[in-house]
Amino acid sequence: MGDYSLEITDLTKIYKTPGGDVNALLDANLMVKKGEQVAVIGPSGSGKSTFLSMVGLLDRPTRGDVMIDGVSTSKLGDKGLTEIRRKKIGFIFQQYNLISTLTGRENIQLPLYLQGKSLDEIDKKINTISERLALDEKFLEHFPKQLSGGQQQRIAIARALVGDPAIVLGDELTGNLDSKTSEQTMELLKELNETMGLTMLIVTHDMHIAEYMERKITIRDGRLYENG
Ligand SMILES: Nc1ncnc2c1ncn2[C@@H]1O[C@H](COP(=O)(O)OP(=O)(O)OP(=O)(O)O)[C@@H](O)[C@H]1O
Ligand SMILES: [Mg+2]
């Protein structure tokens with residue numbers, strides 16, 4: 001594989017609405033090297049979530065291509081996209097998106113089950129990630145509603161990382177956390193970047209959060225601008 005986790009070419013999303021076309025993302029080009037940390041910053045409505053859902057293969061662009069870990073996705077069918085999403089991408093959302101009927105541990109296990117990993121392998125990976133994230137054993141046995149927001153986000157981060165993704169994507173990932181927990185969460189991600197070489201792309205409207213990432217890009221009216 002090459003040096004890039006992510007290569008985005010002319011990525012465009014135009015939403016057709018009764019009120020006319022909405023140009024939510026226009027000709028975005030971006031290369032993200034392995035191990036890079038990138039923040040995309042923009043105000044409400046600038047296209048951040050649209051951009052992230054294209055990059056995360058959650059929705060199809062109007063045109064353009066997203067290459068993940070050297071694999072072009074523009075010509076893939078739903079099955080191919082799902083496979084890349086499961087194997088290569090870790091998501092961290094503002095609302096954590098944990099499954100409420102599963103314990104913390106089961107939530108973290110889920111992506112590995114979906115990848116068809118053996119029970120032995122799953123156990124090993126859960127142990128490794130729990131250590132890396134300093135996850136308290138007892139929190140692993142709790143259901144999401146028994147955990148604080150910060151604890152839930154930690155479980156969500158573990159779930160995003162446990163399958164060794166090529167890239168981790170975050171959408172306002174500290175949006176529901178108080179400022180102290182937000183800082184701890186960002187510190188943790190930075191540490192994981194240093195220790196595991198984690199590649200990260202986050203979108204946020206919060207300049208303070210963006211400051212944790214070494215590379216910053218502004219999005220305005222669906223267009224990307226490299227800062228500095
Ligand atoms: N499914 C959709 N159909 C039509 N228009 C949409 C759709 N999703 C988003 N848009 C429009 O595209 C533009 C970009 O929206 P997007 O949600 O990507 O912004 P955002 O930067 O994530 O905003 P926020 O910070 O409020 O989350 C907005 O004008 C929005 O109204
Ligand atoms: Mg958004």
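**Exercise 1. Describe how H6 passes H7, and name the residues in contact.**

Helix H6 passes H7 in a right-handed crossing (right-handed if the near helix is turned clockwise from the far one by less than a right angle, left-handed if anticlockwise). Helices here are DSSP runs of H or I with at least four residues, strands are E runs of at least two, and both are numbered from the N terminus. The model is predicted: local features need pLDDT of at least 70, side-chain atom pairs count only at pLDDT 80 or more, and totals for chains, interfaces and linings use all residues. Residues are numbered from 1 along each chain as its sequence is written, while chains are lettered from A and ligands numbered from 1 in the order in which they are written.

Step 1. Take the axes. H6 covers residues 149–161 and H7 residues 179–196; their axes come within 10 Å and cross at roughly 20°. Axes are lines fitted to C-alpha atoms, for helices over the stretch in contact, and angles run from 0 to 180 degrees between N-to-C directions.

Step 2. Classify the angle. H6 is therefore roughly parallel to H7 (under 35 degrees; over 145 is roughly antiparallel, 65 to 115 roughly perpendicular, the rest oblique).

Step 3. List the contact (C-beta atoms, placed from the backbone, within 7 Å). H6 gives Gly 149, Gly 150, Gln 153 and Leu 161; H7 gives Thr 181, Gln 184, Thr 185 and Leu 192.

Step 4. Sort by class. Two residues are nonpolar, six polar and none charged. Ala, Val, Leu, Ile, Met, Phe, Trp, Tyr, Cys and Pro count as nonpolar, Asp, Glu, Lys and Arg as charged, and the others, Gly among them, as polar.

**Exercise 2. Do the same for H3 and H4.**

Step 1. H3 (residues 104–114) and H4 (residues 119–132) have axes that come within 10 Å and cross at roughly 125°.

Step 2. That angle makes H3 oblique to H4. The crossing is right-handed.

Step 3. Arg 105, Ile 108, Gln 109 and Leu 112 of H3 meet Ile 122, Lys 125, Ile 126 and Ile 129 of H4.

Step 4. The tally is five nonpolar, one polar and two charged residues.

**Exercise 3. Place Lys 117 and state its exposure.**

Step 1. Lys 117 lies in the loop between H3 and H4.

Step 2. Lys 117 has 17 other C-beta atoms within 10 Å, so Lys 117 is partly exposed (buried is 20 or more, exposed 12 or fewer, partly exposed in between, with C-beta atoms placed from the backbone).

Step 3. Leaving aside neighbours within four places in sequence, Lys 117 is in contact with Leu 112 and Ile 122.

Terms used. Two residues are in contact if their C-beta atoms, placed from the backbone, lie within 7 Å.
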